[in-house]
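Subject: Handing over the structure

Hello,

Here is the structure I promised to pass on to you. Please open it alongside this email, and then read on for what I found.

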2 protein chains.
Amino acid sequence: MTDAAFDTPGPDHEDAPRGATRSLTVTERIRTAILAGDFEAGARLHEVRLSERLGVSRTPVRSALQSLASEGLLEYAPNRGYAVRRFSTAEIVDAYEIRAVMEALAARFAAERGLPDQEREAIERVLADGDDLLARTELGEEERIVYSAINGTFHEAIHSAARCRMLTDMVRLCHSVPHSSHRNVISFEHMDVRRRHDDHHRIYDAILACDAYRAEMLMREHVASVKTSLVRALSGRPLPRRGR
Amino acid sequence: MTDAAFDTPGPDHEDAPRGATRSLTVTERIRTAILAGDFEAGARLHEVRLSERLGVSRTPVRSALQSLASEGLLEYAPNRGYAVRRFSTAEIVDAYEIRAVMEALAARFAAERGLPDQEREAIERVLADGDDLLARTELGEEERIVYSAINGTFHEAIHSAARCRMLTDMVRLCHSVPHSSHRNVISFEHMDVRRRHDDHHRIYDAILACDAYRAEMLMREHVASVKTSLVRALSGRPLPRRGR
DNA sequence: GAGGCGCAATTTGTATACATTATGACTTGA
DNA sequence: TCAAGTCATAATGTATACAAATTGCGCCTC
């Protein structure tokens, strides 16, 4: 709650990036705090308290709260303000299902429209990085964190290749649901990073081959499969050991 | 531009619905104006002019513009304000593809989770209404408008049955794209209302039978098929008026 | 003691004044 | 003539004062 990184760095700090208004800065800081869990679910966010802690007036704070509410991170009720949104387990799982469908469509678009050079290079680089990383026999915590970044870059390159803004926006919406970001998958994808990396290769092959149907199906299963691990993790049951 | 319905009805009009702030009222009025095509695409919306025309201060206007931008109706650039978003033909078509995938997922959820009584009754009623309407041999303009409402109710009942807020939100986002609302299909679905109504029956049957796969596939094809008609209409002649 | 009424304190909503940034026209120099 | 710089203008961004709504507490009544 009293996170030092959150409180005001002073009005003369002035590292203002060009083109950034206070509203945008404040939005980003509050968003980060929420995603970091600095506020508990359901907690109300009082405009005055926030503005005092952040060292700005209520105006940019109100603007930020409105933004975050439309992102789905906050609940709003007229004359009653904003509160941190609660996500039920069902909502978190559903978000995965939705993300699976959206990313699958992105993969289809990429296959239909062809990979721009930039995205093709990014994907090939990241696939090679993954190959190198997974060549090691042992995968420790550190390797999984690195792989998480690789995973994120892969998926972002696909979205970018889809060249569809609405799709990008919607996937971003999915990422505002806790546990639903591909940056967070490390927490429950421990078991088979290798299988997931192989999925990436196949998806890339399908896109290169302009096989839209296969790209879509593979991506859908790829994302949806995490849902199973997630459900297991959320219900607190241990991961089953399999052969292979 | 100078739409009488848009300009201020006077500050003493006071038909304020309970729980509605000025920000919300203004948001609704500007949204309606945009969807009705009162502003041309790319036009900038000046805060002062809007606030004068609407008889309120800049504060609720700014709030409204921010809302509409996050709905995707406006573009925002820091220090440069808001402008009516331009939608390319590609974006409009893509929105249909996205809507197809989302509504298909909604149909799947409905099949998996079962239809609540309220939605089941709504769908059965609307299917029967459609049967009656289509029993006539001739379908004029008026019948198609009536069927458009029937179509909308059917699709909304499915969303509602999916019981997934994020899905509902995203479908709503799709509807903010011109020509992409199921309330608008009359303009290019002239050709086979009967086929589309038959789709509705099959989708309902699949949901009743808890056949999630079939419900999803049918709904996806049902929505995506309109895309074909849309592409034909858009390429055939210039864009008809936005909205409605 | 339970329930309802009303006031006061707190919080959000709105208006407005001021600060800051973009924009375009004008000037000035090469 | 053109380019670059400057300054005026007009727009957006922010702060703050005030209005309206909600909420909780205390009191009164039954």
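Below I go through the interface between the protein chains, then the sheets, and then the two DNA strands.

Before anything else, please keep in mind that this is a predicted model.

**How the two protein chains meet**

Chains A and B touch each other through many residues: 33 of chain B are in contact with 34 of chain A. About 2800 Å² is buried between the two chains, and carbon and sulfur atoms give 60% of that area. On the chain B side, Ile98(B), Arg165(B) and Met166(B) are the ones to look up, as these residues supply 21% of the area that chain B buries against chain A, more than any other three residues.

**The sheet in chain A**

Chain A has an open sheet of three strands in the order β1-β3-β2, with antiparallel pairing. The edges are formed by β1 and β2 (74-77) of chain A, each of which pairs on one side only.

To trace the pairing, begin with β1(A), which is joined to β3 (residues 81-84) of chain A by two bridges in the antiparallel sense. Here Arg44(A) has Ala83(A) as its bridge partner in β3(A), while Leu45(A) is partnered by Tyr82(A). On the other side, β2(A) and β3(A) also run antiparallel, joined by four bridges. Glu75(A) has Ala83(A) as its bridge partner in β3(A), so you will meet Ala83(A) twice as you follow the bridges.The hairpin of β2(A) and β3(A) has three residues between the strands, and Asn79(A) takes a positive phi near 65° there. Asn79(A) comes up again below, with the DNA.

**The sheet in chain B**

Chain B also holds an open sheet of three strands, with antiparallel pairing and the order β1-β3-β2. Its edge strands are β1 (44-45) and β2 (74-77) of chain B, each pairing on one side only. Four bridges link β2(B) to β3 (residues 81-84) of chain B in the antiparallel sense, and Leu74(B) has Val84(B) as its bridge partner in β3(B).

One helix is worth finding here. Helix α3 (residues 58-71) of chain B lies across β1, β2 and β3 of chain B, and runs at about 110° to β2(B).

**Around DNA strand C**

Which residues come closest to DNA strand C? Of the 22 that surround this strand, the closest are Arg62(A), Tyr76(A), Arg22(B), Ser57(B) and Thr59(B). Of the strand C atoms that come within 4 Å of the protein, 69% are accounted for by sugar and phosphate.

Several contacts to phosphate oxygens of DNA strand C are easy to pick out:

- Tyr76(A) places a polar side-chain atom 2.5 Å from a phosphate oxygen of DNA strand C.
- Ser57(B) has a polar side-chain atom 2.6 Å from a phosphate oxygen of DNA strand C.
- Asn79(A), the hairpin residue with the positive phi, uses a backbone N or O atom, which lies 3.0 Å from a phosphate oxygen of DNA strand C.

Both protein chains take part in this surface. From chain A, β1 (44-45), α2 (47-54) and α3 (58-71) each supply at least two residues, as do α1 (22-35) and α3 of chain B. The largest share, three residues, comes from α3(B), the helix that lies across the chain B sheet strands. By class, the surface near DNA strand C has nine charged, eight polar and five nonpolar residues.

**Around DNA strand D**

DNA strand D has 21 residues around it, and Arg22(A), Ser57(A), Thr59(A), Arg62(B) and Tyr76(B) come nearest. Sugar or phosphate makes up 70% of the strand D atoms within 4 Å of the protein, and the rest belong to bases.

These contacts are good ones to start with:

- Ser57(A) has a polar side-chain atom 2.6 Å from a phosphate oxygen of DNA strand D.
- Ser23(A) has a side-chain N or O atom 2.7 Å from a phosphate oxygen of DNA strand D.
- Arg58(B) reaches a base: an N or O atom in its side chain is 2.9 Å from a base nitrogen of DNA strand D.

Here α1 (22-35) and α3 of chain A, together with β1, α2 (47-54) and α3 of chain B, each supply at least two residues of the surface. With three residues, α3(A) gives the most to the surface near DNA strand D. By class, that surface has eight charged, eight polar and five nonpolar residues.

I hope you enjoy looking through it.

Best wishes

Methods:
Residues are numbered from 1 along each chain as its sequence is written. Chains are lettered from A and ligands numbered from 1 in the order in which they are written. This is a predicted model: local features need pLDDT of at least 70, side-chain atom pairs count only at pLDDT 80 or more; totals for chains, interfaces and linings use all residues. Side-chain values use heavy atoms; hydrogens and water are left out. Two strands pair if DSSP finds at least two bridges between them. Contact means heavy atoms within 4.5 Å. Axes are lines fitted to C-alpha atoms, for helices over the stretch in contact, and angles run from 0 to 180 degrees between N-to-C directions. A residue is near a molecule or strand if one of its heavy atoms lies within 4 Å of it. A polar contact is a pair of N or O atoms within 3.5 Å; within protein, one must be able to donate a hydrogen and the other to accept it, and residues adjacent in sequence count only if both atoms are side-chain atoms. Ala, Val, Leu, Ile, Met, Phe, Trp, Tyr, Cys and Pro count as nonpolar, Asp, Glu, Lys and Arg as charged, and the others, Gly among them, as polar. Buried area is the accessible area (1.4 Å probe) that two parts lose on being put together, summed over both.
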